Amino acid sequence: MNDERIDALERRLALLESRVQDGEAPRSTPQAPSLMGVLHGYRNDAEEHFHPGMVGYVGAAYLAEDNVYLWAREHKLAELLEADWSPAIGILESLASRPRLALLGVLVRKGRCTSADLLEALAPSQGEPTSGQLYHHLRELQAAGLILQRRRGEYELAGVAVIPVLTILATALNLATDPPVGPPIEVPRPE
């Protein structure tokens, strides 16, 4: 853990301790609607408006004190099915690489990283990687809009890519590890 993260944790702990000492009641977290509630909302909307449905994703990632990512997107199924899918090719190709997934993983977990950190992260997937290999992968991730170079030799995951990338990875892991999909099931209605 680096010094900046330790300092941030110490500040947060001091703030919490001061609230307890001052007798301040802990803040309650508002209850977010469950994803099943969202699913039922999509279903009701499709039935009421006679359209084939919606596809959406939502995420909240608290990766560090200053790095909070909230994201929600939805697409009408009819529009999604009619859309030109070719712009997704670059993103999917950039993710279809063990070294690039390793780089994205370290950027998600650690935040901003130097070239040396990233070269070290490549080692398990590429043996003894060269700086040329690293920069090849970084160029591809930058071209896809997934990472940013803040300064020479310093990279981070693009903020707008955090939840979408994690969603793509979660979905791909579900497809790879869930039992085979059978015929459609009836989703029970809330009572």
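Visitor: Which elements cover the buried residues of α7?

Guide: The cover includes α4, α5 (98-110), α6 (115-126), β4 (147-151) and β5 (154-157). Keep in mind that this is a predicted model.

Visitor: And which residues of α7 are buried?

Guide: In α7 they are Leu134, His137, Leu138 and Leu141. Look down the helix axis and these buried residues fall within an arc of 100°, so they line one face of α7.

Visitor: How do I check the length of a helix like α7, and what should its 13 residues span?

Guide: Count 1.5 Å a residue, and then compare that with the distance between the end C-alpha atoms. Helix α7 covers residues 131-143, so the 13 residues should span 18 Å, and the ends are indeed 18 Å apart. Just past α7, have a look at Gly145, which takes a positive phi of about 80°.

Visitor: Let's try α5 too. What should its 13 residues span, and how far apart are its ends?

Guide: The expected span for α5 is 18 Å, and its end C-alpha atoms are 18 Å apart, which agrees. Just after α5 there's a glycine with a positive phi as well: Gly111, at about 85°.

Visitor: Which residues of α5 are buried?

Guide: Here's the list for α5: Pro99, Arg100, Leu103, Leu104, Gly105, Val106, Leu107 and Val108.

Visitor: Leu101 sits in α5 as well. How do I read its accessible area?

Guide: Buried means under 20% and exposed means over 50%. Leu101 has a relative accessible area of 33%, so it is partly exposed.

Visitor: What does Leu101 touch beyond its neighbours within four places in sequence?

Guide: Leu101 is in contact with Leu95 and Leu169. Leu169 is 68 residues away from Leu101 along the chain, yet their C-alpha atoms are separated by 9.4 Å.

Visitor: Now Glu154 in strand β5. Is Glu154 buried or exposed?

Guide: Use the cut-off again: Glu154 has 15% relative accessibility, so it counts as buried. Setting aside neighbours within four places in sequence, Glu154 is in contact with Arg112, Cys113, Thr114, Leu148 and Gln149.

Visitor: What about empty space? How would I find that?

Guide: Rolling a probe the size of a water molecule over the atoms shows where empty space is left. In this model, the largest pocket has a volume of about 1300 Å³.

Visitor: How many residues line the largest pocket, and which lie nearest its centre?

Guide: There are 34 lining residues, and Val55, Tyr57, His75, Thr167 and Ile168 lie nearest the centre of the largest pocket. By type, the lining divides into 26 nonpolar, five polar and three charged residues.

Visitor: Which elements supply at least two residues of that lining?

Guide: They are α2 (35-49), β1 (54-64), β2 (67-76), α4 (88-95) and α8 (162-177). The largest share, seven residues, comes from α8.

Visitor: Can we step back? How many helices and strands does the protein have?

Guide: The secondary structure comes to eight helices and five strands. Read along the sequence, you get the pattern α-α-β-β-α-α-α-β-α-α-β-β-α.

Visitor: And what percentage of the protein's residues count as buried?

Guide: Of the 191 residues, 24% count as buried. You can also look at contacts between residues at least 6 apart in sequence: 50% of these join residues at least 24 apart.

How values were computed: Residues numbered from 1 in each chain as written. Predicted model: local features only at pLDDT ≥ 70, side-chain atom pairs only at ≥ 80, totals over all residues. Heavy atoms only, no water. 1 Å grid on protein atoms, 1.4 Å probe; cavity = no way out; pocket = protein on both sides within 12 Å on 5 of 7 lines; lining within 4 Å. Points joined across faces, edges and corners; volume = space filled by probe spheres on them. Helix = DSSP H or I, 4+ residues; strand = E, 2+ residues; numbered from the N terminus. Nonpolar A, V, L, I, M, F, W, Y, C, P; charged D, E, K, R; others polar. Expected span 1.5 Å × (residues − 1). Buried < 20%, exposed > 50% of the residue type's maximum accessible area, 1.4 Å probe, protein only. Arc of directions from axis to C-beta. Contact = heavy atoms within 4.5 Å.
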